[in-house]
Structure formats: structure tokens, C-alpha cells
Amino acid sequence: MSEILTKSRARNIFYGGSLFFIIVFIAMTFHSHRYVVNVSTAGMPLSPEVILGKHVWERHSCINCHTLHGEGAYFAPELGNVMTRWGVQDDPEAAFETMDGWMAAQPSGIEGRRQMPFFKITPEEMRGLTEFLRWADQTDTQGWPPTDAG
């Protein structure tokens, strides 16, 4: 009786299987890249103000207290949808004024509440931070956070 799996058949299965999975990997990589670029990105362009806001976010370590799309600390509110919660998502000037007023009022001094520290942020940085949060609010998070309150 002849052998069912000869060396040449085993080699052909190995090379054929490897080629198949390499093609599947390349197709999935291409699909993932197209999905991220065309579907799950924000509706707003990535402007220089948004980039400045991201730098302000990182420099002041906002993620040490806040979450952004579920990433970060849970000490302070989720900020991935803060502009929608405040009702200023579609109005950049109102968003800036609301954010500037909120930051100027911190810390609130209310006894027994968690307090946000005062950050010395220039108006340009505040506008950038506002635009970054507006940009983050438009990202397709596929239902995250589960409630409007964050």
C-alpha cells in the first residue's frame, strides 16, 4: 500500500496552507485599514487645532483622571461625548465658551466633591482642547459609552 502523505504532498500542503493564510492576512489587513480610514474615524478633519488639543490633553495628563472612549482613569467623567452632553457639539464658538467657563470655575470648592485642579491654559490651548474634544465626540465608538452620561 502506498503512503498517503508523502514528503512532496506534505510540502505542498505546508506551502499551500501558508500561502492561503498569508493571503487571508493581507486581505484582513487591507479591510481593517479601509474600515478605520473610512468608517470609524471622526467626522471632523484632523486640524492643527485638534492636534494642539491632543498635546494639551497629554501635557496635563487629563487621562490620569478622565476617560476618553473608555480608556483612562475612572475618577472623573468620560469626556468622549462631553460636547454632546453639553449640547455644543455643532457650535465651535459655544463649545469654546462653555469649556473656557468650566475650566475657569475649577476647582469648584464644593465640600465633599471631587475637585478638578486649576490648569493655566492659554486661550489658544483652550480652543485646541475644545476642538480635540469635539473631534473625539464625532468618532464612531460603536455605542460607547453606553449612556449619555458617560
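**Exercise 1.** At roughly what angle do the axes of α4 and α5 cross, and within what distance do they come?

*Solution.* The model is predicted. Begin with the two axes: they come within 9 Å and cross at roughly 115°. Next, assign the handedness, which is right-handed for α4 and α5. Then list the residues that meet. From α4 these are Pro92, Glu93, Ala95, Phe96, Met99, Asp100 and Met103, and from α5 they are Pro123, Met126, Arg127, Leu129, Thr130, Glu131, Leu133 and Arg134. Finally, sort the residues of this contact by character: 9 are nonpolar, 1 is polar and 5 are charged.

**Exercise 2.** Identify the residues with the most contacts inside the largest nonpolar core, and the helices that supply it.

*Solution.* The largest nonpolar core comprises 22 residues, and Trp57, Leu68, Met83, Met99, Leu129, Phe132 and Leu133 have the most contacts inside it. At least two residues of this core come from each of α2 (48-59), α3 (82-86), α4 (92-104) and α5 (123-137). Take Met99 as a worked case: apart from neighbours within four places in sequence, Met99 contacts Met83, Trp86, Met126, Leu129, Thr130 and Leu133.

**Exercise 3.** Determine whether Glu125 is buried or exposed, and name the residues that it touches.

*Solution.* First, locate Glu125 in helix α5. Second, compare its relative accessible area of 16% with the cut-off for a buried residue, under 20%. Glu125 is therefore buried. Third, examine its surroundings: excluding residues up to four places away in sequence, Glu125 touches Leu52, Val56, Arg59 and Lys120.

**Exercise 4.** Examine the backbone at Ser61, His69 and the bond between Gln106 and Pro107.

*Solution.* The starting point is a general expectation: most residues other than glycine have a negative phi, and most peptide bonds are trans.

- Ser61 lies in the loop between α2 and β1 (67-68). Its phi is positive, near 50°. With a relative accessible area of 32%, Ser61 is partly exposed.
- His69 lies in the loop between β1 and β2 (71-72). Its phi is also positive, about 60°, although His69 is not a glycine. At 25% relative accessibility, His69 is partly exposed.
- Gln106 and Pro107 are joined by a cis peptide bond with omega of about -10°. Pro107 belongs to the loop between α4 and α5.

**Exercise 5.** Describe the span that UniProt annotates as a domain.

*Solution.* The unreviewed UniProt entry places "domain: Cytochrome c" at residues 48-137. The end C-alpha atoms of this span lie 17 Å apart. In secondary structure, residues 48-137 are 50% helix and 4% strand.

Methods
Residues numbered from 1 in each chain as written. Predicted model: local features only at pLDDT ≥ 70, side-chain atom pairs only at ≥ 80, totals over all residues. Heavy atoms only, no water. UniProt positions renumbered as here; feature names shortened; annotations may be inferred. Core = buried A, V, L, I, M, F, W, Y, C linked by side-chain atoms within 4.5 Å. Buried < 20%, exposed > 50% of the residue type's maximum accessible area, 1.4 Å probe, protein only. Contact = heavy atoms within 4.5 Å. Axes fitted to C-alpha atoms, helices over the stretch in contact; angles between N-to-C directions. Left-handed = near helix turned anticlockwise from the far one by under 90°. Nonpolar A, V, L, I, M, F, W, Y, C, P; charged D, E, K, R; others polar.
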